[in-house]
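Visitor: I've got a structure to look at and plenty of questions. Could you walk me through it?

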Amino acid sequence: MSACLLGEESFRQCCWRFLKLSDRLRDGWSWEPLQGSEEGYMRKTALRSVSVNSGPTWNPHGSRSDKESPASCHCAAATEQADVDGTHDDLDPGYDDGVVSGGGSRVLRLEYHILYSCSYMAPVLYFRASTLEGRSLSLDQVWSCVHPSFRSRLQRSPLTTITQQEHPLLGQPFFMLHPCKTEEFMRPVLQLEREQHGQMNYILTWLSAVGPLVGLDVPLKYSTLQPPASPPEACLQPS
Amino acid sequence: MNPKEVETGRRIASSRSGGWQPKVRPSTKMSDNAESPNEPQKEELHSPPEESMANEEKKKIDVLLKAVGDTPIMKTKKWAVDRSRTVQSLSQFISRFLKLDANEQLFIYVNQSFAPSPDQEVGVLFDCFGSDSKLVLHYCKSQAWG
């Protein structure tokens, strides 16, 4: 059984296709090149309002709260273009259902980077959170951004899942979602696509699956939009 | 005919038969508590009076669950699900149904390759990806992230 690994060229092609969709949806992802080379990474910054009370419930923009979960607060997300220089100090993202509990809330600035790992031949998600004043948050504090359905599982094995690492390109501390299981959980759906001769985008599939772990919303529209005209090469290269 | 009377009739029939008959209806009502098809019938008691086999009021949608990879195949694949049910709730249901371990992760994919947000409502997924009056969802289990 061939491994379902992502070659570096395929990574770039998938990112290119993904960014076209992001531009159409105005979802805020951008490509950050590495000193003029072909290499680089994708980046997005988002604002999220979280309750200061303990036991927060993550309720992303555009969806009703799940009636089955005890919601002590609602959290809303807004997308900020990566090149905005922090002019959104007062949070007014213009979302429809942003409701904040009376217990008080604060706004977090979440920054997500998608890099390519040569070792694992897979994308890796790096992220960091800070307050609007620029104070970085600890891992304990970012748990509020993790979707409740994943929280307990992640907390059981936190060190092997979300770890704090030095960003390979920026040299700054980021949290990283460890890629060691990426190939394993991607393999079945990739094989399904092969059998069905579908045209999936590895990055989109992967990001939609890992996004909820880190409070990143990947809108459904990514999947409903027609894919952009892309280079004829297949996006996925089997190893 | 009053839908409530129809529903009452079905409940009585179910309890008399003493079992759960997935093949009697085209879609099985998905409840919050169902453990497996062999459990004593519980979900009928909780089904709302508006339930209609033809789903004419569009309160429920038909969902077809397909296993991916080595994931166990559910004996009952076709379910009638409330539109407002979330992906997370559906995932929990399937996990309980398949008796997954605590360290196993269940993924649900729509359109074969996109994992919808856990808070996404299945009604919205049906509107976007439904065909032939049903929504096809692929589910896949994997070991936990760590």
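Visitor: Between which elements is the loop that holds Q112(B), and which residue of helix α4(A) does Q112(B) touch, among others?
Guide: Keep in mind that this is a predicted model. Leaving out residues up to four places away in sequence, Q112(B) touches L192(A), E193(A), Q196(A), H138(B) and also V189(A). That last one, V189(A), is part of α4(A). The loop holding Q112(B) runs between β4 and α4 (122-129) of chain B.

Visitor: How far apart are the C-alpha atoms of Q112(B) and V68(B)?
Guide: Along the chain, 44 residues separate Q112(B) and V68(B). In space, their C-alpha atoms are separated by 9.7 Å.

Visitor: What is the strand order of the open sheet in chain B, and which strands stand at its edges?
Guide: The open sheet has five strands with mixed pairing, in the order β1-β3-β2-β5-β4. Two of them have a single partner strand each, so one side of each is left without a neighbour in the sheet. Those edge strands are β1 (28-29) and β4 (104-110) of chain B.

Visitor: In which sense do β2(B) and β3(B) pair, and what stands opposite L64(B)?
Guide: Strand β2 (residues 60-67) and strand β3 (residues 78-82) of chain B are joined over five bridges, in the antiparallel sense. Look across from L64(B) into β3(B), and you find K78(B).

Visitor: Which helices pack on that sheet, and at what angles?
Guide: From chain A comes α4(A), touching β4 and β5 (134-143) of chain B, and its direction makes about 145° with that of β5(B). Chain B adds its own helix α3 (residues 87-98), which touches β2, β3, β4 and β5 of chain B. The direction of α3(B) compared with that of β4(B) gives about 130°.

Visitor: How do α4(A) and α5(A) lie relative to each other: parallel, perpendicular or oblique?
Guide: Helix α4 (residues 182-196) and helix α5 (residues 202-210) of chain A have axes 11 Å apart and pack at an angle of about 120°. At that angle, the two count as oblique.

Visitor: Which residues make that contact, and how do they divide by class?
Guide: On the α4(A) side you'll find T182(A), F185(A), M186(A), V189(A) and L190(A). On the α5(A) side there are Y202(A), T205(A), W206(A), A209(A) and V210(A). Sorted by class, the residues of this contact come to eight nonpolar, two polar and no charged.

Visitor: What about α1(A) and α5(A): what is their arrangement?
Guide: Their axes are 8 Å apart, and they pack at an angle of about 75°. The residues F11(A), C14(A), C15(A) and F18(A) of α1(A) meet Y202(A), I203(A), L204(A) and L207(A) of α5(A); by class, that contact has eight nonpolar, no polar and no charged residues. The angle makes α1(A) and α5(A) roughly perpendicular to each other.

Visitor: Which residue forms a salt bridge with R12(A)?
Guide: Side chains of opposite charge can pair when their charged atoms come close. Here the closest N and O atoms are 3.1 Å apart, which means they fall within the 4 Å cut-off for a salt bridge. Both residues lie in helix α1 (residues 8-25) of chain A, three residues apart, about one turn of the helix. The partner of R12(A) is E9(A).

Visitor: Which residue in the turn of the β6(A) and β7(A) hairpin has a positive phi?
Guide: Strands β6 (residues 162-166) and β7 (residues 173-177) of chain A run antiparallel, joined by five bridges, and E166(A) stands opposite P173(A). Six residues lie between the two strands of the hairpin. The one in the turn with a positive phi, about 70°, is G171(A).

Notes:
Residues numbered from 1 in each chain as written. Chains lettered and ligands numbered in written order. Predicted model: local features only at pLDDT ≥ 70, side-chain atom pairs only at ≥ 80, totals over all residues. Heavy atoms only, no water. Axes fitted to C-alpha atoms, helices over the stretch in contact; angles between N-to-C directions. Helix = DSSP H or I, 4+ residues; strand = E, 2+ residues; numbered from the N terminus. Parallel < 35°, antiparallel > 145°, perpendicular 65-115°, else oblique. Contact = heavy atoms within 4.5 Å. Nonpolar A, V, L, I, M, F, W, Y, C, P; charged D, E, K, R; others polar. Pairing = 2+ DSSP bridges. Salt bridge = Lys/Arg side-chain N within 4 Å of Asp/Glu carboxyl O.
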